[in-house]
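Me: I am new to this structure. Please show it to me, and let me ask how each label is earned.

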Amino acid sequence: MPAQRSAGRRPFQGESSTSTLAKILEAAPDSLGRLRPDLPDKLGEIVERCLQKNPDDRFQDAEDLVAALKRLALENESKNTSGASSRE
């Protein structure tokens with residue numbers, strides 16, 4: 001779901017249900033950075049980690065995912081704050 005919401009489309013698209021399932025099992029999703037270059041690179045890394053085929057390569061639970069998203073939000077907030085104060 002994060003990939004679809006961020007990219008505006010599903011990460012795996014096929015011409016039929018069968019081809020979509022095959023892509024989910026075998027193919028790497030399109031890079032979020034390529035689909036949405038306006039989004040932070042770190043968000044793309046988080047989404048890609050969610051879509052890893054090997055469960056050991058994904059976030060181990062929702063708490064880990066939420067923590068990563070909160071860190072990203074804090075980083076972006078810090079960048080926006082420092083950018084605003086340097087312009088004043």
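Me: How many aromatic pairs does a search of the whole structure find?

Reply: Zero. To pair, rings of Phe, Tyr and Trp (its six-membered ring) need centres within 6.5 Å; planes under 30 degrees apart are stacked, over 60 edge-to-face, the rest tilted. This is a predicted model: local features need pLDDT of at least 70, side-chain atom pairs pLDDT 80 or more, while totals for chains, interfaces and linings use all residues. Numbering runs from 1 along each chain as its sequence is written, and side-chain values use heavy atoms, without hydrogens and water.

Me: What makes arginine 49 count as lying over the face of phenylalanine 59?

Reply: Arginine 49 is at 4.0 Å from the ring centre. The rule asks for NZ of Lys or CZ of Arg within 6 Å of the centre and within 35 degrees of the ring normal. So the label fits arginine 49.

Me: Which residues does phenylalanine 59 touch?

Reply: Ile46, Arg49, Cys50, Asp64, Leu65 and Ala68, leaving aside residues up to four places away in sequence. Contact means heavy atoms within 4.5 Å.

Me: Why is a group of residues called a nonpolar core?

Reply: Because its members are buried (under 20% relative accessible area, 1.4 Å probe, protein chains only) Ala, Val, Leu, Ile, Met, Phe, Trp, Tyr or Cys, joined through side-chain atoms within 4.5 Å. The largest one here has nine residues, including Phe59, Ile46 and Ala68. Its largest share, three residues, comes from α4.

Me: How many helices and strands does the chain have?

Reply: Five helices and zero strands. These are DSSP runs: H or I of at least four residues for helices, E of at least two for strands, numbered from the N terminus.

How values were computed
Buried means under 20% relative accessible area, exposed over 50%, partly exposed in between (1.4 Å probe, protein chains only).
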